[in-house]
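Colleague: I am new to this structure and would like a close look at a single part of it. Could you take me through one pair of packed helices, and then through the charged pairs around them?

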Amino acid sequence: MFETDVLDIAQRASTGGLPSAARVDELIAEAHARYRGHGEGAVADYIPILAEADPAGFGLSLVSTEGGLHEAGDVAVAFSIQSISKAFVFALVCEAIGHRAVHERVGVNNTGLPFNSVIALELNEGSPMNPMVNAGAIATTAMLPATSGEERWQLIRSGLSRFAGRELPLDGEVYRSEILTNQRNRGIARLLDGYGRLDAEPEETVDVYTRQCALAVTARDLAVMGATLADGGVNPVTGARVVSAEVARDTLAVLAACGMYERSGEWLFEIGLPAKSGVSGGIVAVAPGKGALGAFSPPLDAAGNSVRGQRACAFLSRALGLNLFASTAAGTVGGGSS
């Protein structure tokens, strides 16, 4: 059963903006204090370097579409972005070649299976079901127009850096650790190539994909990146347009359907926000038109989602009125804009 631990929190509904800055600061601090002592979950160890993460690390950051920053805890601690990169590379590819071209090659339906499933790919005749599982993400990375793997990598790095509003560094130690243990991703790439569904050489594509997952970010970076999607593709901190409003919409739709893997339906049912997780402990959750949450806490549940992160997102979704599906009758307390 999906665990959120928020049954005592009243569901607030808001069709306008966020509450006052002081109230947001208060709730971020409350969420951090509420969950920092939770010890559930286990740090990922299938990539050796990830097993060295401090399980006590916990940071929460919220960035509004006006650029407001609200934080608590370890928001400046760097960690590898891992699968969260999939969302933003998907956006870059949609921006480069268009909604229809991407949809024709990579679907948008949830597989209901683990993120690295080969069965899902075989059952669909080699066509990835969505860009948030590894097969779809590898195919999406290969679709970014470039003349070489190095050029493709630079496009991805610069694009994700624009989302974050700063130059994101590559964590070389994570990259080296992953490149020694990514045989399954290499197999997926070769399978995609065998079905004629990969636009670049398999080994080169996996190398670029591995590098994109090894970019170092912080909880604050994730919040800024998510807030860029919430703000119609404009980075609310730098003011620069990164992708179109249509691409931001498409990306959030895919995240709502598939961003939390086989738990996506439960996440949407309990928390009601488009979101993406990574096995290093990061989560980004986006409230369109309002802002985004960036969370970091390495201990994961069985599906690979940060335990403290998902509980904090659940708390803040309710307390801040972020749930996309929440409403109250007109005229009642908690309804309308704020």
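Modeller: What follows is a walk through one helix pair, then the salt bridges, and finally two other places in the chain.

Please keep in mind throughout that this is a predicted model. Two packed helices are described by the angle between their axes and the distance between the axes. Helix H6, which covers residues 149-164, and helix H9, which covers residues 202-213, pack with their axes 10 Å apart and at an angle of about 25°. Angles under 35 degrees count as roughly parallel, and H6 and H9 are therefore roughly parallel to each other. Their crossing is right-handed. On the side of H6 the contact is made by Gly149, Glu150, Arg152, Trp153 and Ile156, while H9 contributes Glu204, Val208, Arg211 and Gln212. Sorted by character, the residues of this contact of H6 with H9 divide into four charged, three nonpolar and two polar.

Those charged residues lead on to the salt bridges. Side chains of opposite charge can pair when their charged atoms come close. Within helix H9, Asp207 forms a salt bridge with Arg211, and the closest N and O atoms of this pair are 2.9 Å apart. Asp207 and Arg211 are four residues apart in H9, which is about one turn of the helix. An α-helix has 3.6 residues a turn, so residues three or four places apart point the same way. Asp207 has a relative accessible area of 19% and is buried, and Arg211, at 14% relative accessibility, counts as buried too. The pairing also reaches a residue of the helix contact, for Glu150, Asp207 and Arg211 are linked in a network of salt bridges. Glu150 and Arg211 are both among the residues that make the contact between H6 and H9.

Helix H9 takes part in another salt bridge, in which Arg190 pairs with Glu203 and the closest N and O atoms are 3.2 Å apart. This pair links distant parts of the chain, with Arg190 in helix H8 (residues 183-194) and Glu203 in helix H9, 13 residues apart. Arg190 counts as partly exposed at 47% relative accessibility, and Glu203 counts as partly exposed at 35%.

From the loop that follows H6, between H6 and helix H7 (172-179), Arg166 reaches Asp221 in helix H10 (residues 219-230), so to speak across 55 residues of chain. The side chains of Asp221 and Arg166 meet in a salt bridge with an N to O distance of 2.7 Å. Here the two partners fall into separate classes of accessibility: Asp221, at 5%, counts as buried, whereas Arg166, at 37%, counts as partly exposed. A search of the whole structure finds 13 salt bridges, and those described here are among them.

Two other places deserve a careful look. Helix H5 (residues 134-143) is largely enclosed by the rest of the structure, because ten of its ten residues are buried; Asn134, Ile138, Thr140 and Met143 are among them. The other place is Gln82, in the loop between strand S3 (79-80) and helix H2 (85-97). Gln82 has a positive phi of about 50°, although it is not a glycine, and with a relative accessible area of 3% Gln82 is buried.

Technical notes
Residues are numbered from 1 along each chain as its sequence is written. This is a predicted model: local features need pLDDT of at least 70, side-chain atom pairs count only at pLDDT 80 or more; totals for chains, interfaces and linings use all residues. Side-chain values use heavy atoms; hydrogens and water are left out. Helices (H or I, at least four residues) and strands (E, at least two) are DSSP runs, numbered from the N terminus. Buried means under 20% relative accessible area, exposed over 50%, partly exposed in between (1.4 Å probe, protein chains only). Axes are lines fitted to C-alpha atoms, for helices over the stretch in contact, and angles run from 0 to 180 degrees between N-to-C directions. Angles under 35 degrees count as roughly parallel, over 145 as roughly antiparallel, 65 to 115 as roughly perpendicular and the rest as oblique. A crossing is left-handed if the near helix is turned anticlockwise from the far one by less than a right angle, and right-handed if clockwise. Contact means heavy atoms within 4.5 Å. Ala, Val, Leu, Ile, Met, Phe, Trp, Tyr, Cys and Pro count as nonpolar, Asp, Glu, Lys and Arg as charged, and the others, Gly among them, as polar. A salt bridge is a side-chain nitrogen of Lys or Arg within 4 Å of a carboxyl oxygen of Asp or Glu.
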